[in-house]
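Trainee: I'm new to this one and would like to look hard at a single part of it. Could you take me through a pocket, and then show me around what else is worth a look?

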Amino acid sequence: MNRTTLSLIGAATALAAVTGVAALTGGSADDTDSAAKAATRLPVQRSTLLCPTPSSSEVSSTTYTAYTPKRDGVDAKDGTAELLPAQNPADDVADPGGDDGGKDGKGDKGGEKGGQASPGGDKPVLPLKEPGKPVTTDVDSEGAPALIGTADGRFAPGWTVQQTTTIDAGSGRGLLGTACTAPDTDFWFPGVSTDKNRQDFVHLTNPDDAAAEVDLKLYGPSGRLKPSTDESITVPPRSTVPVLLSTLTDQRAASASLRVTARTGRLGAAVQAVDQKAGSDWLPASAVPSTSVAIPGIPKDASSARLVVFAPGADDADLKVRLAGPNNSITPAGHESLHVKSGMTTAIDLGDVTKGEPGSLLLTPEGGDGPATPVVAGLQVTRGKGSDQETAFIPATGAIERSATAADNRTKGSTLSLVAPGATAKVRITASAGTGGGSPVSKTYEVKGGTTQALEPPRPASGKGPYAVTVERLSGGPVHASRMLALPQGGVPMFTIQPLPDDRGMVAVPEAGQDLSLLNDD
């Protein structure tokens with residue numbers, strides 16, 4: 001046996017360096033409170049974010065907004081935050097709102113840089129000048145590349161970038177929003193489709209200097225969808241590759257689940273879903289498989305909602321379904337429980353489940369013998385009717401342990417949804433200064449256990465331009481959140497919904513009294 005002992009200084013340095021690159025697995029709010037008693041929480045020193053290619057539509061425009069909240073205990077001088085364009089070897093792939101995805105839906109793998117102009121040319125995009133003040137830029141989406149960004153020092157903790165695209169016409173018409181995500185090695189996307197009325201592209205972005213080898217697997221209502229081509233994808237260094245999901249299989253599934261796994265390296269993964277009748281949006285990845293799931297922020301005027309659940313393990317899952325509304329939690333009529341077979345995607349139509357009131361879905365184990373089974377889940381939400389429908393997606397969303405931020409909010413159209421599945425929780429919501437100035441404004445709210453609170457977030461005092469909204473959990477039980485941005489256009493209720501998981505801006509560093517040994521058995 002070899003025994004290596006790390007000093008506290010070495011452990012703190014290693015943890016602080018790693019947290020900006022490696023994914024942190026968050027537990028419940030109670031777990032976080034217990035861990036905090038035995039460890040010191042310090043700001044991360046480096047963060048990486050990846051933004052997918054927004055669109056190549058000629059009638060689209062994209063707004064990027066970047067923001068880092070002010071934090072105590074962070075050096076007030078050092079640090080940078082900026083993004084640079086990724087290479088796009090798949091420059092012959094058609095727009096996801098178009099008719100096809102190139103010859104095989106994966107584009108040319110020649111590795112040459114696509115003929116795309118960066119939102120900032122060859123210069124860094126959205127460099128921040130100081131925490132607490134967002135920056136924004138507007139670009140024509142046609143030819144805009146994926147972006148790879150890093151923040152360090154004072155800009156790393158809680159660094160957030162929002163990408164909001166408007167496509168004015170065509171089958172991809174809609175408001176598409178996504179928060180740029182940290183790289184990881186494993187993603188689940190319940191709610192994708194290979195149906196003829198849908199075009200779903202998964203965008204794979206590699207931030208590193210070595211190629212990433214990626215496996216894509218699709219699961220339908222009867223299990224694994226039989227692949228019609230090689231499901232392994234090579235993503236060149238610092239590049240992005242879009243893949244049309246319907247080119248991976250000849251089987252058509254209205255609702256399926258996609259697993260993205262990096263065998264080597266790491267990457268960002270995002271799915272752009274285009275419905276020929278109901279518009280388009282980004283479909284965010286589900287939170288990691290869990291025995292209890294919260295899907296926050298169903299709009300009060302949702303005309304339909306479709307729940308998609310997948311059990312990745314070897315056991316089936318039996319779940320209770322509850323709708324947490326403004327006053328209490330109820331069971332949706334006809335959907336008291338849900339049985340999910342292992343390795344198979346289960347989808348149910350809930351209709352206008354909210355009945356004019358905002359709500360959130362809560363899935364919990366139904367009970368019985370044996371341990372509960374972890375699941376991943378997502379919800380497709382539709383507003384409007386007929387030719388004026390618009391779609392958005394809400395994934396199972398992890399709890400806010402400390403704080404979470406939505407970077408792009410407007411004077412009108414933002415709705416913040418908070419759900420407390422267990423005990424009552426207290427939160428503070430802060431509106432930053434606007435990109436055109438102003439002063440931050442904070443308000444404190446109480447979210448009663450088993451309810452959803454949907455509210456218009458505070459606005460900055462005398463502020464102009466887009467602004468950021470940060471949610472901080474102060475006390476009580478777990479809180480899950482999402483933000484809806486609604487920008488109606490020509491009678492179409494265009495909207496997008498982004499989950500607000502914890503920003504992982506802090507890391508727990510063990511105190512000196514704890515055992516910091518690493519044991520290696522030979």
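Mentor: Happy to. Let's take the second largest pocket, whose lining is made up of 26 residues; Pro-69, Lys-70, Arg-71, Arg-428 and Glu-472 are the ones that lie nearest its centre. Three elements each give two or more residues to that lining: helix H2 (29-37), strand S30 (425-434) and strand S33 (467-476). Keep in mind that you're looking at a predicted model. The space in this pocket comes to about 620 Å³. If you're wondering how anyone finds such space, rolling a probe the size of a water molecule over the atoms shows where it is left empty. Sort the lining by class and you get 11 charged residues, 8 polar ones and 7 nonpolar ones.

S33 gives us a way out of the pocket, since the loop between strand S32 (451-455) and S33 is where you'll find Ser-462. Ser-462 has a relative accessible area of 72%, and because anything over 50% counts as exposed, that's what we call this residue. Its backbone is worth a glance too: phi of Ser-462 is near 60 degrees, a positive value in a residue that isn't glycine. Most residues other than glycine have a negative phi. Arg-238 also has a positive phi, near 50 degrees, and isn't glycine either. You'll find Arg-238 in the loop between strand S14 (232-235) and strand S15 (240-244). With a relative accessible area of 31%, Arg-238 is partly exposed.

Now for something on the buried side: strand S10, residues 186-192. Of its 7 residues, 6 are buried, so S10 is largely enclosed by the rest of the structure. S10 pairs with strand S16 (residues 256-264) in the antiparallel sense, over 6 bridges. To see one end of a bridge, go to Asp-186 and look across to Thr-261, its bridge partner in S16. While you're following a strand like this, remember that in a regular strand the side chains alternate between the two faces of the sheet.

Carry on from S10 into the loop that leads to strand S11 (198-205), and you come to Ser-193. Ser-193 has a relative accessible area of 2%, so it counts as buried. What does its side chain meet there? A polar atom of the Ser-193 side chain lies 3.0 Å from the backbone nitrogen of Asp-195. The backbone oxygen of Ala-253 also lies 3.0 Å from a polar atom of that side chain. If you leave aside the neighbours within four places in sequence, Ser-193 is in contact with Arg-198, Asp-200, Ala-253 and Ala-254.

One more loop, between strand S8 (160-167) and strand S9 (174-179), holds Ala-169. Ala-169 is partly exposed, with a relative accessible area of 42%. Ala-169 and Glu-58 are 111 residues apart in sequence, yet their C-alpha atoms are 9.4 Å apart in space.

Let's step back to the whole chain. There are 2 helices and 37 strands, and of the 522 residues, 52% count as buried. Take the contacts between residues at least 6 apart in sequence, and 82% of them join residues at least 24 apart.

Conventions
Residues numbered from 1 in each chain as written. Predicted model: local features only at pLDDT ≥ 70, side-chain atom pairs only at ≥ 80, totals over all residues. Heavy atoms only, no water. Buried < 20%, exposed > 50% of the residue type's maximum accessible area, 1.4 Å probe, protein only. Helix = DSSP H or I, 4+ residues; strand = E, 2+ residues; numbered from the N terminus. Pairing = 2+ DSSP bridges. Polar contact = N/O pair within 3.5 Å; in protein donor to acceptor, adjacent residues only side chain to side chain. Contact = heavy atoms within 4.5 Å. 1 Å grid on protein atoms, 1.4 Å probe; cavity = no way out; pocket = protein on both sides within 12 Å on 5 of 7 lines; lining within 4 Å. Points joined across faces, edges and corners; volume = space filled by probe spheres on them. Nonpolar A, V, L, I, M, F, W, Y, C, P; charged D, E, K, R; others polar.
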